[in-house]
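Reader: I am in my first year and would like to look closely at one part of this structure. Could you take me through it slowly, explaining the terms as you go?

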Amino acid sequence: MIGALVQDSMFMEAIELFRKMQNQGVEPDRVTLMELASACGYLGAVELAKWIYLYIQKKDDIQCDLRLGTALIDMFARCGDPHGAMQVFSHMAQRDVSAWTAAIGAMAMEGNGKQAIELFNEMLHQGIKPDAVVFVNLLTALSHGGLVEEGWEFFGSMDDSFGIKPKVVHYGCMVDLLGRAGLLAEALNLIKHMPMEPNVVIWSSLLAACRMHKNVDVAKYAAEKIAQLDPERPGIHVLLSTIYASAGQWNDVAKVRLQMKEQGVQKGPGSSSVQIDGEVYEFTSGAETRPEMDRIEPMLLEMNCRLREAGYSPDLTNVLLDVDEPEKEYLLSRHSEKLAIAFSLINTGQGMPVRVVKNLRICSDCHTFAKSVSKVYNREIIIRDNNRFHFFRHGSCSCKDYW
């Protein structure tokens, strides 16, 4: 039953069923713990993840074999605990290519491209032959770390050194790497010379890079390609309207929003969740009805005052409405991750890390906000958005603003 719930993406229900299983005195076996590890990873439930690992260590009758060990590495990586992932990896008696792939994936989550390269080279030294999947994680790590030259080198080595023909997913990693680095013309050239037809993911990566580097012309071209392949994809309309808004092209923003309305495309609200004392709290952008808002409101006011004194200034280009500045600042202050961070600061002890799971990509303003909070309040802020992990410490982010 737990496995069925996990397969159906009902992760909270899977964990609740596991707790009922415990209350009835039924001890989990290796298979149960593998399914539970998967649920923990998707939810980012790091405390439960640590409990699972400790439980396995204490139970002599549960063998942490290759499959379970790999599942634990992936679990810790998804929970934003690369140290925990590498701890499991270092204690594995045997490692196959899947285990190495999971470890490199943990470095990709953290954006640690250098360590990913070291792991890959060590894997080769151990005589493990890489497959297509490990190159996906390696190229992702290089993309998140901004290592363009190394990316080209490993991309070229796939076929030349290992006889692995790059697939569309590998080209997607390279487009993402080049786009993040601002090499939009180079990324577009790569797309045009792909040996297969580029899919929606490829064009979406390019469009996301256009948002980062505010390139309206390439963004319009990428959006047209996406519209031909998947006209009902809501995230594309939102990205394009964001790019127009940052350029102050409000007529174009209105046109995109009108197209969304005519096509019946709906944008899901941004939401962020935190886990405190075993309970998950979810916040939606702009929400005013949660009972916790009575305490969050004054906390947000205090945070904004302290952060402004420290030099923080809201980035109003992230507001996609043509309204006055006070209204834009208010709308920005109600982004879901800010509500979640404020709630966590209220309900956790000094020095405790703040862990937030977000359903959408973090905006540039919230990114700057989280950096400032980590410095002013001396807290580690860990945010997992739908793209990667961000580890904020002492006023800087692990992504080195290369997000």
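Reader: Which are the buried residues of α10?

Author: The model is a predicted one, in which local features need pLDDT of at least 70 and side-chain atom pairs count only at pLDDT 80 or more, while totals for chains, interfaces and linings use all residues. Residues are numbered from 1 along each chain as its sequence is written, and side-chain values use heavy atoms, with hydrogens and water left out.

The buried residues of α10 are Val-148, Gly-151, Phe-154, Phe-155, Ser-157 and Met-158, where buried means under 20% relative accessible area, exposed means over 50% and partly exposed lies in between, with a 1.4 Å probe and protein chains only. The name α10 comes from counting along the chain, since helices (H or I, at least four residues) and strands (E, at least two) are DSSP runs numbered from the N terminus. An α-helix has 3.6 residues a turn, so residues three or four places apart point the same way.

What lies over these buried residues of α10 includes α8 (113–125), α9 (132–145) and α11 (168–180); the cover is judged by contact, which means heavy atoms within 4.5 Å.

Turning to the helix as a whole, α10 takes in residues 148–162, and its 15 residues, at 1.5 Å a residue, should span 21 Å, which agrees with the 20 Å between its end C-alpha atoms. The expected span here is 1.5 Å times one less than the number of residues in the helix. The helix α10 nevertheless has a kink of about 35°, centred on Gly-156, where the bend at a residue is the angle between axes fitted to the seven residues ending there and the seven starting there. After α10 comes Gly-163, which has a positive phi, near 65°.

For a second view of burial, consider Cys-399, which lies in the segment after β6 (396–397) and is buried, with a relative accessible area of 2%. Although Cys-399 and Gly-145 are 254 residues apart along the chain, their C-alpha atoms are separated by 6.8 Å. Leaving aside neighbours within four places in sequence, Cys-399 is in contact with His-367, Arg-388 and His-390.

Of these partners, His-390 falls within the numbering of strand β5 (residues 389–393), which has 4 of its 5 residues buried and is therefore largely enclosed by the rest of the structure. Strand β5 is joined to β6 by 2 bridges, the two running antiparallel, and two strands count as paired if DSSP finds at least two bridges between them. Within that pair, Phe-392 of β5 stands opposite Cys-397 in β6.
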